Amino acid sequence: MIFRKLGKTDLRVSAIGLGCENLDGKPYREVEETINTALDHGVNILDVFMPGREIRENIAKALGKRRGDVVIQGHIGSTEGRQHYDISRDIPTAQHYFEEMLRIFGGYIDLGMLFFIDSEKDYKQIFETDFIAYVENLKTRGYIGHIGFSSHNAATAIKVIKTGLPEMMMFSINPAFDLFGSGGSTRDTPGPEPFTGVDPKRAELYALCRQEEIGITAMKTLGGGKLILAKHTPFAEPLTVAQCLHYALSNPAVSSVLPGCQAPGEVVEAMGYFDLEDWEKDYAERLVIPSDDFEGSCVYCNHCQPCPAGIDIAAVHKYLDIARLHLGQVPPSIRHHYSSLAHGGGECIACGTCEARCPFNVPIIDNMADAEKLLGECG
Ligand code: SF4
Ligand code: SF4
């Protein structure tokens, strides 16, 4: 295992950690085996955003005496709701869930994360209310070691970092999001021509992280599984798991990647990364964008904006694509992310302006309806 300094904190975290979301709902024995396998391979950072008591207690029980050897990334404002996972900025509600987490993990959470700051509204609900004072107080009183935050939106993440408060952040990083832009993209020129490098807003965010010493723990490194599947990758060929991990770890601002392994075998596969030669991890040749194969497939470029109904069409597609990969068992977090959007696919008025702008002939109107069917309240 390789260890890297995490931003402004005094922590050194394993280059590969564990996102525990996919352990939610698994029997205790499977949680225990997966966590033990990870720890035995040197993993020392776990992301625990799930609000449910059972999964938290299962993780804590599996850690046992090794709790002190592990950095827990725990989220403040992650609560339960109608769709299993929810967000709350109501202080008593957030306090209830976070204090329960504190109790379960021994009275201390290493990284107290401001949960899911994607939009201006999220930002205001945290930084322009007493919520931030509550979190700072947790740190002053020694209940959390460091303040971090999670986001999928580069523009909002930049704003959060500029408050000077966070020491690290959790951010979604993979080549598709970086090259095609996803959330906070500044691209406004139509057509496929601009796909020549990292989305400018994301590049700005990564440069700011390096400048301000904000360490990143990376999520969504496999693009919800899409990047490693021939049928779904937006590139000419699927990437391997190791190539996806290597892509994120090659970003100088990234301290750790947190793949959501759900079984010991998946942990072992991820750890195989360290045994590979450089050429086996090299992703560059796979990032070829086929000219025709994009037809009908969303690459999250935002060229279809603006939508008169206010729908973030790329974000809806991002969640729809993952839902289609998991038909019949859509991850609760994806439903939750979808329900957190200001406007869902069900609000589409079928005006068709987006389809006229989309360079890849994506059937957007049909997809909006499909997203609502799969991910909406009745899905
Ligand atoms: S629907 Fe088309 S234009 Fe809109 S984000 Fe997807 S690929 Fe880009
Ligand atoms: S067709 Fe629907 S998604 Fe597209 S711009 Fe019109 S309202 Fe928005």
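# A chat about helices, loops and a ligand shell

Me: Let's begin in the middle of things: which helix does A314 lie in?
Reply: In this predicted model, A314 lies in helix α12, which runs over residues 313–325.

Me: And is A314 buried or exposed?
Reply: A314 is buried, because 21 other C-beta atoms lie within 10 Å of its own, and the cut-off for calling a residue buried is 20 or more.

Me: How far is A314 from T353?
Reply: Along the sequence A314 and T353 are 39 residues apart, while in space their C-alpha atoms are separated by 15 Å.

Me: Which domains is the chain divided into?
Reply: There is domain 1, covering residues 3–286, and domain 2, covering residues 313–375; the C-alpha centres of domain 1 and domain 2 are 23 Å apart.

Me: New topic, ligand 2. Which residues come nearest to it?
Reply: The shell around ligand 2 has 15 residues, and those that come nearest are C307, A309, C348, C351 and C354.

Me: Which helices supply at least two residues of that shell?
Reply: Both α14 (353–357) and α15 (364–375) do so, and the largest share of the shell around ligand 2, which is 3 residues, comes from α15.

Me: How do the shell residues divide into nonpolar, polar and charged?
Reply: In the shell around ligand 2, 13 residues are nonpolar and 2 are polar, with no charged residues.

Me: Where is the cis peptide bond?
Reply: The cis peptide bond joins Q305 and P306, with an omega of about 0 degrees, and P306 is found in the loop between α11 (278–281) and α12.

Me: Why point that out?
Reply: It is worth pointing out because most peptide bonds are trans.

Me: OK, now helix α1. How does its span compare with what it should be?
Reply: Helix α1 has 13 residues, numbers 28–40, and at 1.5 Å a residue they should span 18 Å, which agrees with the 18 Å between its end C-alpha atoms.

Me: Which residues of α1 are buried?
Reply: The buried ones are V31, T34, I35 and A38. Because these residues cover an arc of only 95 degrees around the axis, they sit on the same side of α1.

Me: What covers them, and which exposed residues are on the face turned away?
Reply: The cover over the buried residues of α1 includes β3 (18–19), α2 (53–63) and α10 (264–271), whereas the face turned away from that buried side carries the exposed residues R29 and D40. Just after α1 comes G42, which takes a positive phi of about 100 degrees.

Me: And what about α3, how many residues does it have?
Reply: Helix α3, residues 91–104, has 14 residues, and the distance from its first C-alpha to its last is 20 Å, close to the 20 Å expected at 1.5 Å a residue. Within α3, the residues A94, Y97, F98, M101 and I104 are buried. Seen down the axis of α3, these buried residues fall within an arc of 115 degrees, so they line one face of the helix.

Me: What do the buried residues of α3 pack against?
Reply: They pack against α2, β5 (71–76), β6 (78–81) and β8. After α3 comes G106, whose phi is positive and near 90 degrees.

Me: Those were glycines. Which residue other than glycine has a positive phi near 55 degrees?
Reply: F116 has such a phi, and F116 lies in the loop between β8 (109–114) and α4 (120–127). F116 counts as buried because there are 23 C-beta neighbours inside 10 Å. K220 is not a glycine either, and its phi is positive, about 55 degrees; K220 is found in the loop between β11 (215–219) and α9 (241–249). K220 is buried too, because 27 other C-beta atoms lie within 10 Å.

Me: Why bother listing those phi values?
Reply: They are listed because most residues other than glycine have a negative phi.

Me: Last one, I144. Which strand does it lie in?
Reply: I144 lies in strand β9, residues 144–151, and I144 counts as buried because 24 C-beta neighbours lie inside 10 Å.

Me: What is I144 in contact with, leaving aside its neighbours within four places in sequence?
Reply: With those set aside, I144 is in contact with I109, G112, L138 and K139. I144 and L111 are 33 residues apart in sequence, but their C-alpha atoms are 6.2 Å apart in space.

Terms used:
Residues are numbered from 1 along each chain as its sequence is written. Chains are lettered from A and ligands numbered from 1 in the order in which they are written. This is a predicted model: local features need pLDDT of at least 70, side-chain atom pairs count only at pLDDT 80 or more; totals for chains, interfaces and linings use all residues. Helices (H or I, at least four residues) and strands (E, at least two) are DSSP runs, numbered from the N terminus. The expected span of a helix is 1.5 Å times one less than its number of residues. A residue is buried if 20 or more other C-beta atoms lie within 10 Å of its own, exposed if 12 or fewer, and partly exposed in between; C-beta atoms are placed from the backbone. The arc is that of the directions from the helix axis to the C-beta atoms. Two residues are in contact if their C-beta atoms, placed from the backbone, lie within 7 Å. Domain bounds come from an automatic or database domain assignment. A residue is near a molecule or strand if its C-beta atom, placed from the backbone, lies within 6 Å of it. Ala, Val, Leu, Ile, Met, Phe, Trp, Tyr, Cys and Pro count as nonpolar, Asp, Glu, Lys and Arg as charged, and the others, Gly among them, as polar.
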